[in-house]
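Hi,

Here is the model I promised to send over. Have a look when you get a minute, and my notes are underneath.

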Amino acid sequence: GVAAAWDARLRRPLRAYAALEVGVGLTGLGVAWLLPVLAPLLSRLLGDLAPGGALLATLRFGGSLLLLLVPAGCMGATLPVLTRALGRVEPNFGRALGWLYGWNTLGAMAGALLGETVLVGRLGVRGTALFACALDLCAAAAVLWLARRQEVPGAPPRATGPSVPQPPRAAAAGLLLATAAWSRDAGPPPYP
């Protein structure tokens, strides 16, 4: 909804994708580092509420929603933005979009499984969040590199066709690689 409306006005979707990846990484890292600090403070503030009470459950839900709103919003916006970028380089992108979505989903599953079964045990929650943030920053750097190859500063978005300097399949492959190699879900949900 919101991402699609915002996406329609994007002039440089690859750069927007890179910014979203940076947002996912840094806010996800911030949440993982902030929760252990907030837990004792919130425990003291909410300690008088009944453990199974509806008010406590509502406050926990609301707090979790606020903490995860930005990273989850950025994650949710990445695929529509990549779809916009792909549509600019390959007008018949239905098949490529299917691959993009599939690789994105596979990367998310692999990241969640590896994070939970390997990384948290070896790096801890904060170390896993730092690792995931590094992957997000790598994805942003890779996509910025791709954007620099495709975009001329100050020029309006190019139409597809012969004026595109790079073969459309290579551009689609680059987008697929960026999505698959560096899924933003490289770790478990940030909890202490």
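Below is what I found, going from the overall fold down to single residues.

First, the ground rules. This is a predicted model, so local features need pLDDT of at least 70 and side-chain atom pairs count only at pLDDT 80 or more, while totals for chains, interfaces and linings use all residues. Residues are numbered from 1 along each chain as its sequence is written, and side-chain values use heavy atoms, with hydrogens and water left out.

The protein has five helices and zero strands, and its pattern along the sequence is α-α-α-α-α. (Helices are DSSP runs of H or I with at least four residues, strands are E runs of at least two, and both are numbered from the N terminus.) Of the 192 residues, 32% are buried, meaning under 20% relative accessible area, with exposed over 50% and partly exposed in between (1.4 Å probe, protein chains only). About 10,900 Å² is exposed, and carbon and sulfur atoms supply 71% of that (Shrake-Rupley, 1.4 Å probe; for residues, only the protein chains shown count as cover). Taking contacts (heavy atoms within 4.5 Å) between residues at least 6 apart in sequence, 83% join residues at least 24 apart.

Helix H2 is worth a look. It covers residues 13-46, 34 residues in total, yet its end C-alpha atoms are only 43 Å apart, short of the 50 Å of a straight helix at 1.5 Å a residue; that expected span is 1.5 Å times one less than the number of residues. H2 bends by about 35° at Leu35, with a proline, Pro36, following within four residues. The bend is the angle between axes fitted to the seven residues ending there and the seven starting there.

Also in H2 is Leu29, buried at 17% relative accessible area. Leaving out residues up to four places away in sequence, Leu29 touches Arg126, Ala129, Leu130 and Cys133. Its C-alpha lies 9.3 Å from that of Gly127, although the two are 98 residues apart in sequence.

What about the cysteines? Disulfides, taken as pairs of cysteine sulfur atoms within 2.5 Å, come to zero. The Cys133 sulfur has its closest cysteine sulfur in Cys138, 9.7 Å away, which is too far for a bond. Cys133 is buried at 5% relative accessibility, and Cys74 is buried too, at 14%.

Cheers
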